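Trainee: Can you walk me through this one? I'd like to go piece by piece.

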Amino acid sequence: KLGTPGKVVSRVTVGDPPMEEVTFANGVRALVYANNAETGRVYVRVRFGRGYRALPSNTPTVAWAGDTALIASGIGDLNQGDLDQLTTGRRIGLDFDITDDAFVMNAQTTPADYQDNLTLMAAKIAYPRWDAAPVARAKAAMLAGYPALSSSPDGVLARDLERLLRDGDPRWGVPPVEEVQKLDAKNFRKLWEPLLKTGPIEVSVFGDVKDADEAIAAIAKSFGALPARKPGKDRSPDVRFPAHVASPVLRYHNGPDNQASAVIAWPTGAGLTDIAEARRLDVLAQVFSDRLFEQMRQAEGASYSPGVASSWPRGLPGGGRLMAVSQVAPANVPLFFSLARKIAADLAKTPVTADELERVKGPLQQSYARAATSSLFWLREMSGGTFDERRIDAVRRLGRDFGEVTPQVLQATAAKYLVPEKDWTLAVLPRKK
């Protein structure tokens, strides 16, 4: 039982398309977008707490096991097997993730099931069960998977890259074996129990519901009925990008001796103060990617598929980067770095042509236009907007931001960020047998 349904103290219409933003007496906030663009689908997302901001950056934790063990630990007197029986034949889910500034539960459900899905999620926060078995399984699975992480360049990147790109911050990446071995049910609960109890809650219901009133009533009976929460603390809001290195950082894999990977990255920005900059970097990354692909293909007949992407965290004040990565033959690692730096220098020196820019902007704008027909797109873009209205404003100006990217703007963006003295490089090479 979750208590008396919460009272609505504020309800306003926000965004375009219009959505309902609701605040309940206990401090829970909600976004509701009732639409039938995808018949029979309802997306539910619950953001709570502070996410990576609530975890320490100077010492390892067992947060990595949350994805596997937190949800599977059960609710109240019910273990995972009991919950599976209760939900048999229904579309009810409970996925978990950690984001920059919130812990997140997600579900894709149905008009018939979403209200009970909300109850399930609220009960997980109000009455968490601390079953030791899922924690033990998470530990065993991580230890069993370690050999595979060393068996290929991609495995090594999956294990180490995110932590390296944040200057060794233990909140990201796969933990070392010795840290995994320390995991037990006691220290798992010690970390997660207070994180479930503190920090703001935002509930989003997007999709094929009867109407906004029905969804708001369902949220009132579930999350609106919870006790008011303590605010929670930001333990580690800052994120560091690694210092420039004259020679690439080296890692080694145990796989085929004709495979290697190379990474080059530049620090960029983060936050919501200038989200237009993030869109300019998206365009720049695509131009960079097209050029790198073409030049890698032409150079010595190398048949690789390099990629370039921009990452601009919205919930942290740092950690943004523009990164190029490719699998290459070991002998071609220097070639990759040489071509990437040459392209970066040219983008900073010379404006792209109008035709090249349009070849990139057109597909990007079309991709966003197609995605905008989905409730999931709006859910992703609007998440967190009830606590920071800049997220909602960022959605409104999406088309305008892309439209304002010109060759001169793109050149200035490249010159600002693609600075040779700030790049960071990594090479994953075959281990000598």
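**Helices and what covers them**

Trainee: What covers the buried residues of helix 3?

Mentor: The cover includes strand 4 (42-48), helix 2 (80-86), strand 6 (103-109), helix 7 (185-197), strand 7 (201-207) and helix 8 (212-221). Covering is about contact, meaning heavy atoms within 4.5 Å. Helices (H or I, at least four residues) and strands (E, at least two) are DSSP runs, numbered from the N terminus.

Trainee: Hang on, where do these coordinates come from?

Mentor: This is a predicted model, where local features need pLDDT of at least 70, side-chain atom pairs count only at pLDDT 80 or more, and totals for chains, interfaces and linings use all residues. Residues are numbered from 1 along each chain as its sequence is written, and side-chain values use heavy atoms, with hydrogens and water left out.

Trainee: OK. Which residues of helix 3 are buried?

Mentor: They are Tyr114, Asn117, Leu118, Leu120, Met121, Ala122, Ala123, Lys124 and Ile125. Buried means under 20% relative accessible area, exposed is over 50%, and partly exposed is in between (1.4 Å probe, protein chains only).

Trainee: And how far apart are the end C-alpha atoms of helix 3?

Mentor: They sit 18 Å apart, which agrees with the 18 Å that its 13 residues (114-126) should span at 1.5 Å a residue. The expected span is 1.5 Å times one less than the number of residues.

Trainee: You mentioned helix 7. Which of its residues are buried?

Mentor: Phe188, Leu191, Trp192, Leu195 and Leu196. An α-helix has 3.6 residues a turn, so residues three or four places apart point the same way. The cover over the buried residues of helix 7 includes strand 4, helix 1 (66-69), strand 5 (95-98), strand 6, helix 3 and helix 4 (132-149).

Trainee: Switching to sheets: what is the order of the five strands in the open sheet?

Mentor: The order is 8-12-9-11-10, with mixed pairing. Strand 8 (249-253) and strand 10 (307-311) are the edges, each pairing on one side only. Direction ignored, neighbouring strands here are turned by 20 degrees against each other on average. Two strands pair if DSSP finds at least two bridges between them.

Trainee: How many bridges link strand 9 and strand 11?

Mentor: Eight, in the antiparallel sense, between residues 260-267 and residues 321-328. Among the matched residues, Ala265 has Met323 as its bridge partner, and Ala262 stands opposite Ser326. Strand 10 also pairs with strand 11 in the antiparallel sense, over five bridges, and Ser310 stands opposite Leu322 there.

Trainee: How many residues of strand 11 are buried?

Mentor: Six of its eight, so-called "mostly covered".

Trainee: What does helix 10 lie across?

Mentor: Helix 10 (333-349) lies across strand 9, strand 11 and strand 12 (424-430), and it runs at about 25 degrees to strand 9. Axes are lines fitted to C-alpha atoms, for helices over the stretch in contact, and angles run from 0 to 180 degrees between N-to-C directions.

Trainee: Lys349 is in helix 10 too. Is Lys349 buried or exposed?

Mentor: Lys349 counts as exposed because its relative accessibility is 68%.

Trainee: What about Leu357, over in helix 11 (354-371): buried or exposed?

Mentor: Leu357 counts as buried, at 4% relative accessibility. Leaving aside neighbours within four places in sequence, Leu357 is in contact with Val283, Val352, Val405, Thr406, Pro407 and Leu410.

Trainee: Now the odd stuff. Which side chain of opposite charge is nearest to Glu21?

Mentor: Arg29, 5.4 Å away; Glu21 is buried yet has no salt bridge. A salt bridge is a side-chain nitrogen of Lys or Arg within 4 Å of a carboxyl oxygen of Asp or Glu. Lys and Arg count as positive, Asp and Glu as negative, while His and the chain ends are not counted. Glu21 lies in strand 2 (19-24).

Trainee: Is the peptide bond from Asp16 to Pro17 cis or trans?

Mentor: The Asp16 to Pro17 bond is cis, with omega near 10 degrees. Pro17 lies in the loop between strand 1 (8-14) and strand 2. Most residues other than glycine have a negative phi, and most peptide bonds are trans.

Trainee: Then what is phi of Asp167?

Mentor: Near 55 degrees, a positive value in a residue other than glycine. Asp167 is in the loop between helix 5 (153-164) and helix 6 (177-180), and counts as partly exposed at 39% relative accessibility.
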